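Please open the model in your viewer and keep the sequence panel beside it, since this tour moves from one selection to the next.

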Amino acid sequence: MKDRRRATGIQPEETTVYTEKKKEINSMKNTFVKTTAAAMMALSLGACSSSTASSTSASSAGKETKTVTIGISPDYAPYESLTKDGEIVGFDPDMVEIFEGYLNENSDVTYHLEFKQMDFDNIIVQIQGDQVDLGISGFSYDPERLVEWSEPYLGSSQVVVLPAGSDITSVDDLNGKTIAVQTGSTGEAAAEEIEGATVTGLKSVQDIMNALSANQFDAAVVDSGVAKNYVENADFTMIEEPLVDEKNYIIAKQGNTEIIDLMNTCIEKFIASDEYTALCEEYGLTPVTAE
């Protein structure tokens, strides 16, 4: 067998020096590995400790965060509309902000109520498909809408709106006339009860009022709160006598009574408050009486 020391080119007398040098090199390698590993572990622990602090903070407070999504069609002032900056404003958004405060009082859960903008006639579809939790967009009761209903939070009615200068003065004058309504609304059902009228459904109230202003229709049927808003701010008139009296509700998926119970608790507190009275006056909407 070959002498391993000779094969490596090391002379016998150099053995001691070589051995000591090798130990020194190995020691330096071990030190480098340990130092690097320690540094990496420190970074890892630092990242974990940050995450744990956030998690622990939430856990120590005994709270979890729950986001409740709300389908809304912001073309329905004064209930809800969009500013030029795209902000959703109106009675319903103000109410929801108040509800969020109610839900987070003395609760083990931190609630965040978040709007999802969509067409009105798509809200119930999105609720039934579990895409949103609630619908808050001036909904009035219709037994054909297969959803859970909250207690009412506003009074309402469906009325006829006319372009300025119209010679129509009563519902009877609508026989043989054309009427624009919002597709899927209870106004659509009310308009279809008018004898001899031709009813056309459009996507949004803004589309309806633009078409009415351009004399593409003889009249429109919309919620009384919406009608008053347009009469006060544009060239329209309205027939004061309502086609049907209604109330406004919050809706959820059929069977989701838990979230409706939460909303009912908020509604009860809300309609008994001074804030409710102030908001009804601010937006010109009809309050309901606390039961």
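Begin by selecting K269, which counts as partly exposed at 40% relative accessibility; keep in mind throughout that the model is a predicted one. Now add E105 to the selection, and you will find that E105 and K269 form a salt bridge whose closest N and O atoms are 2.7 Å apart. Because E105 sits in the loop between α3 and β5 (109–117) while K269 belongs to helix α8, the pair ties together parts that are 164 residues apart in sequence. E105 is partly exposed too, with a relative accessible area of 43%.

Next, show the two helices on either side of this pairing by selecting α3 (residues 91–103) and α8 (residues 257–271), whose axes come within 10 Å and cross at roughly 105 degrees. That angle makes α3 roughly perpendicular to α8. To see where the helices meet, display the side chains of F91, M95, I98, F99, Y102 and L103 in α3, together with L262, M263, C266, I267, K269 and F270 in α8. Sorted by class, this contact has 11 nonpolar residues, no polar ones and 1 charged residue.

Move on to helix α9 (residues 274–283), where Y276, L279, C280 and Y283 are buried. If you look down the axis of α9, its buried residues fall within an arc of 100 degrees, so they line one face of the helix. Those buried residues pack against α3, α8 and β8 (154–163), whereas the face of α9 turned away from its buried side carries the exposed residues D274, E281 and E282. Just after α9, select G284, which takes a positive phi of about 65 degrees.

Which partner does K203 meet in a salt bridge? Select D121, for the side chains of K203 and D121 meet there, at 3.3 Å from N to O. K203 lies in the loop between β10 (198–202) and α6 (205–213), and D121 in helix α4 (residues 120–128), so this pair ties together parts that are 82 residues apart in sequence. Both are partly exposed, K203 with a relative accessible area of 43% and D121 with 28%. Add D119 to the view as well, since D119, D121 and K203 are linked in a network of salt bridges.

For a last stop, select E114 and K116, whose side chains meet in a salt bridge at 2.9 Å from N to O. E114 is partly exposed, with a relative accessible area of 27%, and K116 is likewise partly exposed, at 33%. The count of salt bridges in the model comes to 5.

How values were computed
Residues numbered from 1 in each chain as written. Predicted model: local features only at pLDDT ≥ 70, side-chain atom pairs only at ≥ 80, totals over all residues. Heavy atoms only, no water. Axes fitted to C-alpha atoms, helices over the stretch in contact; angles between N-to-C directions. Helix = DSSP H or I, 4+ residues; strand = E, 2+ residues; numbered from the N terminus. Parallel < 35°, antiparallel > 145°, perpendicular 65-115°, else oblique. Contact = heavy atoms within 4.5 Å. Nonpolar A, V, L, I, M, F, W, Y, C, P; charged D, E, K, R; others polar. Buried < 20%, exposed > 50% of the residue type's maximum accessible area, 1.4 Å probe, protein only. Arc of directions from axis to C-beta. Salt bridge = Lys/Arg side-chain N within 4 Å of Asp/Glu carboxyl O.
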